[in-house]
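Colleague: Could you walk me through reading a helix and its surroundings in a model like this one?

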Amino acid sequence: MLQRALGYYSVFLTRHQGDPQLRVELASVHELVGKLHFALGERSRGLVAYTEAHRLYEALHRADPDNLEHMRHLVGATTNLGTVQD
C-alpha cells in the first residue's frame, strides 16, 4: 500500500513540478513522499524528498514572511531534516 501511494505522489510531482499555482501542494507532497520513503526504509530517498520540501517551504516563506502557515511548514520541514540527519 505504501508503494502504491508513493507511486501516485511521484506521478503528481512529475506532472506538476514547477507549477507556480501548486507551490504549497508540491512542498507538502515532497514532505509526504519523504515520510513514505522513510517508512519503507529508503533513507537516502527520504532525505532528498525532505530537502526539496524544505527548499520549497523556504521559498514560500521568503516570498511571504508574514504568512504563519508557511512559517509553520518551514519549521516542520527543518525539524524533519534535523531528525533524519542524526
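Colleague: What phi does Gly41 take, just after H2?

Modeller: Gly41 has a positive phi of about 80°, just after H2. Helices here are DSSP runs (H or I, at least four residues), numbered from the N terminus. This is a predicted model, where local features need pLDDT of at least 70, side-chain atom pairs count only at pLDDT 80 or more, and totals for chains, interfaces and linings use all residues. Residues are numbered from 1 along each chain as its sequence is written, and side-chain values use heavy atoms, leaving out hydrogens and water.

Colleague: How many Å should the 17 residues of H2 span?

Modeller: The expected span is 1.5 Å times one less than the number of residues. For H2 that gives 24 Å, and its end C-alpha atoms are 24 Å apart, which agrees.

Colleague: At what angle do the axes of H1 and H2 cross?

Modeller: Axes are lines fitted to C-alpha atoms, for helices over the stretch in contact, with angles from 0 to 180 degrees between N-to-C directions. Helix H1 (residues 2-16) and helix H2 (residues 23-39) have axes that come within 10 Å and cross at roughly 150°. H1 is therefore roughly antiparallel to H2 (over 145 degrees). Contact (heavy atoms within 4.5 Å) involves residues including Tyr9 and Phe12 of H1 and Val29 and Leu36 of H2.

Colleague: Is Ala39 buried or exposed?

Modeller: Buried means under 20% relative accessible area, exposed over 50%, and partly exposed in between, with a 1.4 Å probe and protein chains only. Ala39, in helix H2, has 54%, so this residue is exposed. The buried residues of H2, among them Leu26 and Gly34, pack against H1, helix H3 (43-63) and helix H4 (68-84).

Methods. Helices (H or I, at least four residues) and strands (E, at least two) are DSSP runs, numbered from the N terminus. Angles under 35 degrees count as roughly parallel, over 145 as roughly antiparallel, 65 to 115 as roughly perpendicular and the rest as oblique.
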